[in-house]
Amino acid sequence: MGFGGISIWQLLILLVIVVLLFGTKRLRNMGGDLGSALKGFRSAMKDGDEDESTEQDARKRDGDPQLLDDVGQTRKNTDPVEEADRREKQAQDSK
């Protein structure tokens, strides 16, 4: 007895029938397509994990502390973002 009650001879006969029906070239293409699909799936899963682990932009976070402006109105704390934008502009200007 082989795998799940199927003997090795039955598996070989099944393989010969499949090769005769589809041909080796088509089976090779199907295998390559399946392999590339799995590779794409794995890379997408890996990219999803990396996206979750990266920090969000400060402008998009709802939990930012709020500051009071001169009039006493609350506003979002965008000082770190403005500082980062200023540094980027300085770096581009120096190039």
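Here is a quick briefing on this predicted model. Residues are numbered from 1 along each chain as its sequence is written, and side-chain values use heavy atoms, with hydrogens and water left out. Local features need pLDDT of at least 70, side-chain atom pairs count only at pLDDT 80 or more, and totals for chains, interfaces and linings use all residues.

**Fold and confidence**
- The protein chain has three helices and two strands (DSSP runs: H or I of at least four residues for helices, E of at least two for strands, numbered from the N terminus), in the order α-α-β-β-α.
- Mean pLDDT (the predictor's confidence in each residue, from 0 to 100) is 76, with 63% of residues at 70 or more.
- Confidence peaks in α1 at 91 and bottoms out in strand β1 (residues 66-68), at a mean of 59.
- Where pLDDT is low, don't read the predicted coordinates in detail.

**Helix α1**
- This helix covers residues 8-22, Leu14 among them.
- Its 15 residues should span 21 Å (1.5 Å times one less than the number of residues), and the end C-alpha atoms are indeed 21 Å apart.
- Gly23 follows α1 with a positive phi, near 85 degrees.

**Burial**
- Just 4% of the 95 residues are buried (under 20% relative accessible area, 1.4 Å probe, protein chains only).

Note on methods. Buried < 20%, exposed > 50% of the residue type's maximum accessible area, 1.4 Å probe, protein only.
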